Amino acid sequence: MSRVPLRKALADLPAYVPGARVPVGAAAYKLSSNENPYPPLPSVVAAIVDAAADVNRYPDMFATELTATIAERLGVAHGSVVAGCGSVAVLGHVLTAVCEAGDEVVLPWRSFEAYPIAVDLAHARGVRVPVTAEGRLDLPAMADAVTKRTKVVLVCTPNNPTGPAVRDGELRDFLARVPNDVLVVLDEAYVEFVRDPQAPDALALFAEHPNVVVLRTFSKAYGLAGLRVGYAVARPRLAAGIRAASTPFGVSHVAQLAALASLRAEGELLARVDALVAERTRMLDALRGQGWQVPDSQANFVWLPLGDRTTAFAERCTRAGVVVRPFAGDGARVSVGEKEATDLFLEVAAEHVPR
Ligand SMILES: *Cc1c(COP(=O)(O)O)cnc(C)c1O
């Protein structure tokens, strides 16, 4: 038995529950982690294989070529892009870079389950603001929750796990109300899947508001979840702070070259995103046709507000060969995946329509 005391905060930390894994070779579809169902493109695999020959060396610490390429594509200063080991890690670095012990971080809830963990680990205090009955962020209430102790506000758009994106007008009103020394993090992990014409242009807002940071990732639309690469776009002074708080050499050489290859193959990858968006529409239409009231989704998943029946529904899905992500007592999140998986899921959903 070790006598070394652990930080007290760890005992209270909510556990991150990963989407259930499907054993290799098992006859089940995994719709529990918002992964991209398509395997990597041959050109991306080739870049990964090439990069493997150099793994005796440390990677480029600042992912210089990758961050410069992203900066050019987004039209921001080179120093504004900070890469990390998934945007979850980048979020942790953002919080470590700005939060003093006891500072408040306002976040929507229910939202991304990594948020409360990252906030607690950064010695900050999370202030949760409930999403609306439609699964939308309540931005006016989030602005009301900002106090003198608030350092950061997390805006998850589209919101994981409920699905809607915030609207440009409401986000502009929100930014006008938040003091300019409070950081507003726009977490756009699913931005490539957004089709709502009222959704904001985060980079335009970044250009207008020096306190805005945008988070994006290669895990979802680009299908590189297993390689762990995401990034923040921040004003150079903030970006330097985030870099200073980052794990050295956090993004592997393999991940850097795979991300660059993915940017070169962007057309092919975004065509896959279009197909997934069409499949999302098919899922939402079918669910509504069955009588479900589901929130709009602008991401690669749908949300079923099942309340107390969530766990039983998820178990029934598993027996039918599709693994979904239950949030006990609240609802189930179902990723957009293979068409066959959608069909199996819709059969189970048809049996569970709330009356
Ligand atoms: C998936 C996801 C991320 C990014 O995950 P990484 O794989 O760490 O890049 C960030 N935010 C939200 C809301 C997500 O759902």
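A polar contact here is a pair of N or O atoms within 3.5 Å, where one must be able to donate a hydrogen and the other to accept it. Keep that handy for the exercises below, and remember that this is a predicted model.

**Exercise 1.** Work out how the two domains of the chain meet, and which residues supply the contact.

*Solution.*
- Start with the split: domain 1 covers 8-30 + 267-350, and domain 2 covers 42-264.
- Their C-alpha centres lie 23 Å apart. Domain 1 puts 25 residues into the contact and domain 2 puts in 27 residues.
- Now the area: about 2400 Å² is buried between the two domains, with carbon and sulfur atoms giving 62% of that. On the domain 1 side, Tyr16, Leu269 and Gln298 supply 26% of the area buried against domain 2, more than any other three residues.
- Next, the polar side: nine residue pairs are in polar contact across the interface, both residues at pLDDT 80 or more. The interface also holds three salt bridges.
- Which elements of domain 1 give two or more residues to this side? They are H11, E9 and E11, and H11 has the largest share, seven residues.

**Exercise 2.** Trace the open sheet of three strands and find the helix that packs on it.

*Solution.*
- Read off the order: E9-E12-E11, with antiparallel pairing.
- Find the edges: E9 (301-304) and E11 (325-327) each pair on one side only.
- Check one pairing: E11 and E12 (residues 331-335) share three bridges, and Phe327 stands opposite Gly331 in E12.
- Add the helix: H11 (residues 266-290) touches E9 and E12, and its direction makes about 20° with that of E9.

Note on methods
Residues numbered from 1 in each chain as written. Predicted model: local features only at pLDDT ≥ 70, side-chain atom pairs only at ≥ 80, totals over all residues. Heavy atoms only, no water. Pairing = 2+ DSSP bridges. Helix = DSSP H or I, 4+ residues; strand = E, 2+ residues; numbered from the N terminus. Contact = heavy atoms within 4.5 Å. Axes fitted to C-alpha atoms, helices over the stretch in contact; angles between N-to-C directions. Domains from an automatic or database assignment. Buried area = accessible area lost by both parts, 1.4 Å probe. Salt bridge = Lys/Arg side-chain N within 4 Å of Asp/Glu carboxyl O. Polar contact = N/O pair within 3.5 Å; in protein donor to acceptor, adjacent residues only side chain to side chain.
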